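The following account leads through a sheet, the helices that pack on it, and a single residue elsewhere in the chain. Please keep the structure in view while reading.

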Amino acid sequence: MSNQPDKHLRGQLPIPDIPRPGLMTYDAKDPDTKYPPIEPLRPPQDAPNVLIVLLDDVGFGASSAFGGPCNTPTAERLANDGLRYNRFHTTALCAPTRQALLTGRNHHSVGMGAITETATSAPGNNSLRPNTKAPLALTLKLNGFSTAQFGKCHEVPVWQTSPMGPFDAWPSAGGGFEYFYGFIGGENNQWDPALYEGTTPIEPPATPEEGYHLTEDLADHAVNWIRQQKALLPDKPFFVYFAPGATHAPHHVPQEWIEKYKGKFAHGWDRQRQITFARQKELGVIPADAELTPRHDVITAWDDMPAELKPVLEREMEVYAGFLEHTDHQVGRLIDTLEELEILDNTLIFYIVGDNGASAEGTMNGSFSEMANFNGMAALETPEFMLSKMDEFGSPTSYNHYSVGWAWAMCTPFQWTKQVASHWGGTRNGTIIHWPARIQEKGGLRSQFCHVIDVAPTILEAAGLPEPTQVNGVMQSPMEGSSMLYTFNETDAPEQHDLQYFEMFGNRGVYHRGWSAVTKHRTPWMMTEKMPPFDDDVWELYDGSKDYSQARNLAKEMPEKLAYLQRLWLIEAVKYNVLPMDDRTGERANAELAGRPTLIHGNSQLFFPGMGRLSENSVVNIKNKSFSITAEVEINDKPANGVIIAQGGRFGGWSVYAKDGKLKFVYNVLGIHEFTTEATEPIPQGKHQVRMEFAYDGGGLAKGGDVTLYYDGKEVGKGRVQMTQPMVFSADETTDIGYESGTPVSADYTTHNSKFTGKLHWVQLDAGKDDHDHFIDPEERLRVAMARQ
């Protein structure tokens, strides 16, 4: 390492420009005219390149690097040349983990108590990062790093996700990344994603039929960016954050990766846990005296699952295993690039195998369409339906998820899964750190308690950078994590992060000096579970110095120790904005009840052709109510075709469109049922209003309704929608006007031929019964629409 002093004052960012006093000459040709050379800003000498790889929804017992059944040779390669961490923790949910990682602060401290889609007005849950807690990428950029992010960004408040922003929370605007290529939100279709480059929406460069897959595309862009950065700025270190949407549902992967695992999971999830547990001990990634925690009653035993469903259940796990191996392979392409550029040794790599435990959001049966459970409609996916779709799992026609049983198995040896922040199954993720230039041991194991908030302080210390006290004129609060650098070359160094709270939807706990006190409040896959009062939750106590997996509950034997830790949890909860705890489900999905802003107010919204990539939070909500669509179109001498307005996609949504000249409306329920209404006659030539009215039956959620189509107020068609989606259409599909991006709502058209062939002047959506009498006066249209917004 260099001993050359750093001449920059880096505590205040941007680093203030300091004028250099000296002789000022009148004529530049004067021989006394001298100025120091312009020096581009760089970090302190010997600062490494930094690569963070963060996988999605991977439990501790999934990757082969930590004893799991899914082959991850890249993770094994890095672990064998670096360090495995077997007591590294996340927050139990994706967006909270990511915001904590990127800021070095606890997730409630940065407003991310849960996911952005359930934000409330409470400071710990409002999804707004305070400007007193600048992101790591911004700190590194202002200190002279090149910065880039590839993949998932789930930290943008939902009311800021429209094409009009604001973009303060987007990676390439306020997030500190000079380049961003990926998606905004919690998940995406791996075959047909909604992509952004910077803040600009773009379409995938190829189709699934042409071999496109999102994780491969992200790796392509990351590899190309790293090569270009080193070709043009070889002396400037980079910070690359590679966060693919894999292996979050939908589990999408090319067929050849699935076939590698055919027949390998016929023994079921109970036996798989035993196999993984034995392998973990053989590898030494868990202590020799660790115990395998038992299955809870709410998780059905493999032997008790319906025999006719087991082939589907096996296929679900085959698909997932192929998905994880495929993802690890793409990470390997980044590592190969670093090696080819001869910068691998001085690149500090964090390979965090999961942002929480494995996802148990797929019900006991798993799902072909993940949105079924999120809408409370899992019963539509009968065993017969699942069997009929078995060969499509993982393909572009699926939006699949695996069974709760497999998620539990992927969290071996721990209890529970993702969302359950109380237990290690939800929060303990295998992590690998690789930095040959500074880590002496190869293939070592570290067991100090670590948390995702420790990553940012570690990177700053490794780069020789201080935490900034001021960023963009705003005083900064200290980071809440502790650097892990002390563990790199001291196997048994006393842990420095010895107190940490956990909380997610009321599932909560605290770690303190080896002990953990925890209580599970809510079960992730039980969408209609009645929540008990928080004070009725039953707490458990574990001694982690002797019980690695939380297998022996000591609460009855040591009530005083439990009470002490419960009080400690409460103190930490107050300190970091955890209170008030919030276990609501449906209410938090409703922006008005939750208390978060909405982009659109009122019950009417006006659109113009070409508008698109509008998330559900950018459009008036039409679920569980009547609504109408009115559009002014101009038809030439050819029959009209194409989309007037569409919301959602292949796995749920609705569309008003023209086909062979006739107006049509389709309501697609989860990709399982389609209800189509067609006009009896073509749209006449010239300028006309076309209209669709949906009259909701009422009487509860997810009911059906009658459909009526109109041309200029004249009825031209009637139909029926038997059921509707009550909660959400899609996590990744959007609303588009005059065309459709992503996957098509209707099989009547493809997204590539979805552009409306006539002239579209405007479209108006009215939620609830309106007073237009099947026709909107053009002169009143704009005034009424704006007044209602």
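How many bridges join strand β10 to strand β11, and do these strands run parallel or antiparallel? In this predicted model, β10 (residues 347-352) and β11 (residues 431-434) run antiparallel and are joined by four bridges. Within β10, Phe350 stands opposite Ile433 of β11.

Both strands belong to an open sheet of 10 strands with mixed pairing, whose order is β8-β7-β6-β5-β9-β2-β10-β11-β3-β12. The edges are formed by β8 (200-202) and β12 (444-446); because each has a single partner strand, one side of each is left without a neighbour in the sheet. Direction ignored, neighbouring strands are turned by 20° against each other on average.

Two helices may be considered next. Helix α2 (residues 94-103) packs on the sheet, where it touches β2 (49-54), β5 (146-153), β9 (238-243) and β10. The direction of α2 makes about 175° with that of β9. Helix α7 (residues 310-340) lies across β2, β9 and β10, and runs at about 175° to β10.

Attention now turns to Ala679, which is found in strand β25 (residues 673-682). Is this residue buried or exposed? Ala679 has a relative accessible area of 3% and therefore counts as buried, since the term applies under 20%. Leaving aside residues up to four places away in sequence, Ala679 touches Lys662, Leu663, Leu709, Tyr711, Val716 and Gly717. Phe665 lies 14 residues from Ala679 in sequence, and their C-alpha atoms are 8.9 Å apart in space.

How values were computed: Residues numbered from 1 in each chain as written. Predicted model: local features only at pLDDT ≥ 70, side-chain atom pairs only at ≥ 80, totals over all residues. Heavy atoms only, no water. Pairing = 2+ DSSP bridges. Axes fitted to C-alpha atoms, helices over the stretch in contact; angles between N-to-C directions. Contact = heavy atoms within 4.5 Å. Buried < 20%, exposed > 50% of the residue type's maximum accessible area, 1.4 Å probe, protein only.
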